[in-house]
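The following exercises concern chain relations, a chain contact and the surroundings of one residue. Each task is followed by a worked solution.

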Number of protein chains: 4
Amino acid sequence: MFIHQLEPRFAETDALGHISNTIFPIWFEDARTPVFKIFNPEMDVHNWTLILARQEIDHTAQTFIGKSVSIQTGLGKIGNSSFEVIQIAEQDGQVIAKGKAVLVHFDYELQKASPIPDDIRAQLEAHKV
Amino acid sequence: MFIHQLEPRFAETDALGHISNTIFPIWFEDARTPVFKIFNPEMDVHNWTLILARQEIDHTAQTFIGKSVSIQTGLGKIGNSSFEVIQIAEQDGQVIAKGKAVLVHFDYELQKASPIPDDIRAQLEAHKV
Amino acid sequence: MFIHQLEPRFAETDALGHISNTIFPIWFEDARTPVFKIFNPEMDVHNWTLILARQEIDHTAQTFIGKSVSIQTGLGKIGNSSFEVIQIAEQDGQVIAKGKAVLVHFDYELQKASPIPDDIRAQLEAHKV
Amino acid sequence: MFIHQLEPRFAETDALGHISNTIFPIWFEDARTPVFKIFNPEMDVHNWTLILARQEIDHTAQTFIGKSVSIQTGLGKIGNSSFEVIQIAEQDGQVIAKGKAVLVHFDYELQKASPIPDDIRAQLEAHKV
């Protein structure tokens with residue numbers, strides 16, 4: 001499991017005085033960086049092999065500025081070319097959001113899914129939750 | 001069903017050359033404005049009665065800058081205090097994303113769900129898909 | 001002069017109840033699209049020849065959700081390889097922000113400025129304010 | 001002088017493969033948090049006394065994902081009710097952007113500027129650059 005810590009930004013609040021729900025996909029994507037690096041250690045954007053097929057987020061409590069947020073990221077089901085990333089965000093000891101993302105190992109040139117290589121699969125397995 | 005038209009912004013692209021997946025929750029929230037107005041015709045942020053409990057998005061095709069996007073928004077299941085919003089985004093005649101949002105009629109003062117009033121429920125029902 | 005109309009988005013508000021100042025650079029960039037198209041009619045991101053050297057914005061009034069915003073965009077000084085874009089945003093008949101952006105005609109391959117071609121210069125001149 | 005360190009996010013890139021210029025105002029605002037806390041130690045958004053009057057940013061080099069960014073923040077001219085914040089962002093030992101923000105000590109209830117209290121002024125002075 002990977003841990004990502006962040007401080008909510010003022011620009012991430014909305015008129016209801018809390019963190020906008022539209023920010024969680026950005027935080028969760030950012031917290032998936034260690035997963036991206038399994039596929040692409042240099043984060044070379046010209047050689048990217050992942051695409052997001054689905055994202056779902058349950059918002060379980062309001063989130064506020066002024067207290068840090070911690071996001072746990074682990075792997076869920078791993079298929080032939082796709083896999084799930086499971087994420088939990090906490091603030092002040094309380095779960096504020098739970099996320100699931102489905103990513104596909106993708107060949108942007110051929111514009112189609114491609115099997116996850118074995119060495120990468122082994123690394124993903126090591127982070128299953 | 002409500003229709004929302006938009007032009008993707010340059011700032012909404014990412015390094016893969018397409019629209020970032022993190023932008024869809026913003027577009028979908030914006031396209032839910034007519035639903036917000038059923039509850040709050042003036043969009044008075046000091047008198048807001050909705051909270052997002054869950055959002056899920058399936059990304060079915062890549063989205064690019066330079067062509068407009070159209071989002072259809074309708075109502076799904078309507079419960080005692082919560083309801084689903086169903087959304088479909090298209091670009092260039094192709095479905096690019098499908099969204100479902102679960103919203104709760106919420107009393108921010110009491111910090112708890114509150115039943116949807118009958119007159120509002122009738123308006124929501126009129127937009128079921 | 002180009003006119004760009006937009007509806008502020010809920011996600012663009014901040015905890016002070018108004019539109020975040022961090023959103024204006026996005027709106028102004030978006031409103032510069034007709035200028036981008038003078039250089040790149042197809043908005044082909046793989047063939048981009050402009051880079052932003054400087055942006056400045058004066059915020060003259062608070063901006064709120066629920067009322068449309070109109071942005072006027074025109075050309076200022078035009079140099080050998082760089083030029084100014086002058087922008088004014090209004091809401092409800094009031095000027096809310098004034099912007100100036102300095103853009104450079106840029107060769108991303110050589111990583112240096114390159115002279116503005118004459119035919120493009122003529123089109124820029126036509127939109128001077 | 002205050003130092004703020006950050007890792008660029010994937011969602012902050014744009015189709016040119018670098019960090020979008022529209023992100024710098026967000027980073028700079030975030031890096032001004034210690035200045036906000038001089039006025040409002042709890043970051044209580046219901047008791048906010050600052051408003052942004054002007055922001056200007058010079059972009060001096062392209063910024064990329066994968067390497068951390070460091071922002072130095074200090075105080076410039078301090079007037080009766082307004083003051084300047086001077087900021088410099090670096091990546092990989094290179095200055096990528098320089099910012100100046102003009103903030104006004106503002107009474108949101110009266111909707112007008114109000115003099116900076118002496119104890120706060122003393123703290124601002126201590127961070128002059």
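Two residues are taken to be in contact if their C-beta atoms, placed from the backbone, lie within 7 Å. The model under study is predicted.

**Exercise 1.** Determine how many residues chain A and chain D each bring to their contact, and classify the side of chain A.

*Solution.* Applying the criterion above, 13 residues of chain A and 13 residues of chain D take part in the contact. Sorted by class, the side of chain A that touches chain D comprises 6 nonpolar, 3 polar and 4 charged residues.

**Exercise 2.** Identify the operation that superposes chain A on chain B.

*Solution.* Begin with the superposition: a rotation of 180° with 0.0 Å of shift along its axis brings chain A onto chain B, with an RMSD of 0.0 Å. This is the relation of a two-fold axis. Next, locate the axis with respect to chain A: the C-alpha nearest to the axis belongs to A:Glu56, at 2.0 Å. Finally, compare the contact residues: 100% of those of chain A recur in chain B, so the same surface serves both copies.

**Exercise 3.** Describe where B:Ser81 lies, and decide whether B:Ser81 is buried, exposed or partly exposed.

*Solution.* In chain B, the loop between β3 (69–78) and β4 (82–91) contains B:Ser81. A residue is buried at 20 or more C-beta neighbours within 10 Å and exposed at 12 or fewer. B:Ser81 has 15 C-beta neighbours inside 10 Å and therefore counts as partly exposed. Leaving aside neighbours within four places in sequence, the contacts of B:Ser81 include B:Val104, B:His105 and B:Ile116. The C-alpha atoms of B:Ser81 and B:Pro117 are 8.8 Å apart, although 36 residues separate them along the chain.

How values were computed
Residues are numbered from 1 along each chain as its sequence is written. Chains are lettered from A and ligands numbered from 1 in the order in which they are written. This is a predicted model: local features need pLDDT of at least 70, side-chain atom pairs count only at pLDDT 80 or more; totals for chains, interfaces and linings use all residues. Copies are superposed by least squares on the C-alpha atoms of residues with pLDDT of at least 70 in both. Helices (H or I, at least four residues) and strands (E, at least two) are DSSP runs, numbered from the N terminus. Ala, Val, Leu, Ile, Met, Phe, Trp, Tyr, Cys and Pro count as nonpolar, Asp, Glu, Lys and Arg as charged, and the others, Gly among them, as polar.
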